[in-house]
Amino acid sequence: QVQLVESGGGLVQAGGSLRLSCAASGSIFSIPAMSWYRQAPGKQRELVAHITRGGNTNYVDSVKGRFTISRDNAKKTVYLQMNSLKPEDTAVYYCKIRWISITSLKESDYWGQGTQVTVSS
């Protein structure tokens, strides 16, 4: 089993910054990839940023140059540093990991519970 604990969401004015964290724990052998998604009201969930175990990253165009994804493999934690926030960044942000079980060596995806980010204009 795996658990994800997200933190760091909140209310911020446009132009401000927030840092999201997502810490994984449980029977984890490895985490090949970690991602942040977001879902705004009435919209589909979209991939915001993705990072591999080796540190390769990619971002949705709308956040390039403003958001930075990083991870601490020893802590099994992924971060999303969000700068120059805009009202259109308002959404529930979800962490997702692709993890390998230490018991079965099976690869699976697991989602966090989500954290609200609200950017006021």
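**Entry 1: order of elements**

I read the elements along the chain and got β-β-β-β-β-β-β-β-β-β-β. I counted eleven strands and zero helices. I note that this is a predicted model.

I then checked the radius of gyration. It is 14 Å, close to the 14 Å that the globule rule gives for 121 residues, so the chain is as compact as a globular protein of that length. I also took the box of the C-alpha atoms along the principal axes, roughly 50 × 25 × 25 Å.

**Entry 2: surface and contacts**

I looked up burial next. Of the 121 residues, 40% are buried. The accessible surface comes to about 6,400 Å², and carbon and sulfur atoms hold 48% of that. For contacts between residues at least 6 apart in sequence, I found that 55% join residues at least 24 apart.

**Entry 3: the core**

Which residues have the most contacts inside the largest nonpolar core? I listed Trp36, Phe67, Val78, Leu80, Met82, Tyr93 and Ile97; the core has 29 residues. Strands giving two or more residues to this core include E1 (2-7), E4 (28-39), E8 (77-82) and E11 (115-120). E9 gives the most, with five residues. Nonpolar side chains tend to be buried together in soluble globular proteins.

I picked leucine 80 for a closer look. I left aside its neighbours within four places in sequence. Leucine 80 is in contact with Leu18, Arg19, Leu20, Trp36, Val48, Ala49, Phe67, Thr68, Ile69 and Tyr93.

**Entry 4: strand E11**

I followed the side chains along E11, and they alternate. Thr115, Val117 and Val119 point to one face and are buried. Gln116, Thr118 and Ser120 point to the other face and are not buried. In a regular strand the side chains alternate between the two faces of the sheet.

Which strands did I find joined to E11 by bridges? Strand E2 (residues 10-13) runs parallel to E11, with four bridges. In that pair I located glycine 10 opposite valine 117. E9 runs antiparallel to E11, with three bridges. There I located tyrosine 93 opposite threonine 115. Tyr93 is also among the core residues with the most contacts, and leucine 80 is in contact with Tyr93.

**Entry 5: glutamate 88**

Is glutamate 88 buried or exposed? I found glutamate 88 in the loop between E8 and E9. Its relative accessibility is 58%; the cut-off for exposed is over 50%, so glutamate 88 counts as exposed. I also took its C-alpha to C-alpha distance to threonine 118, which is 9.0 Å. The two are 30 residues apart in sequence. Thr118 is on the face of E11 whose side chains are not buried.

How values were computed:
Residues are numbered from 1 along each chain as its sequence is written. This is a predicted model: local features need pLDDT of at least 70, side-chain atom pairs count only at pLDDT 80 or more; totals for chains, interfaces and linings use all residues. Side-chain values use heavy atoms; hydrogens and water are left out. A nonpolar core is a set of buried Ala, Val, Leu, Ile, Met, Phe, Trp, Tyr and Cys residues joined through side-chain atoms within 4.5 Å. Buried means under 20% relative accessible area, exposed over 50%, partly exposed in between (1.4 Å probe, protein chains only). Contact means heavy atoms within 4.5 Å. Two strands pair if DSSP finds at least two bridges between them. The radius of gyration is taken over C-alpha atoms; the globule rule is 2.2 Å times the number of residues to the power 0.38. Accessible areas come from the Shrake-Rupley method with a 1.4 Å probe; for residues, only the protein chains shown count as cover.
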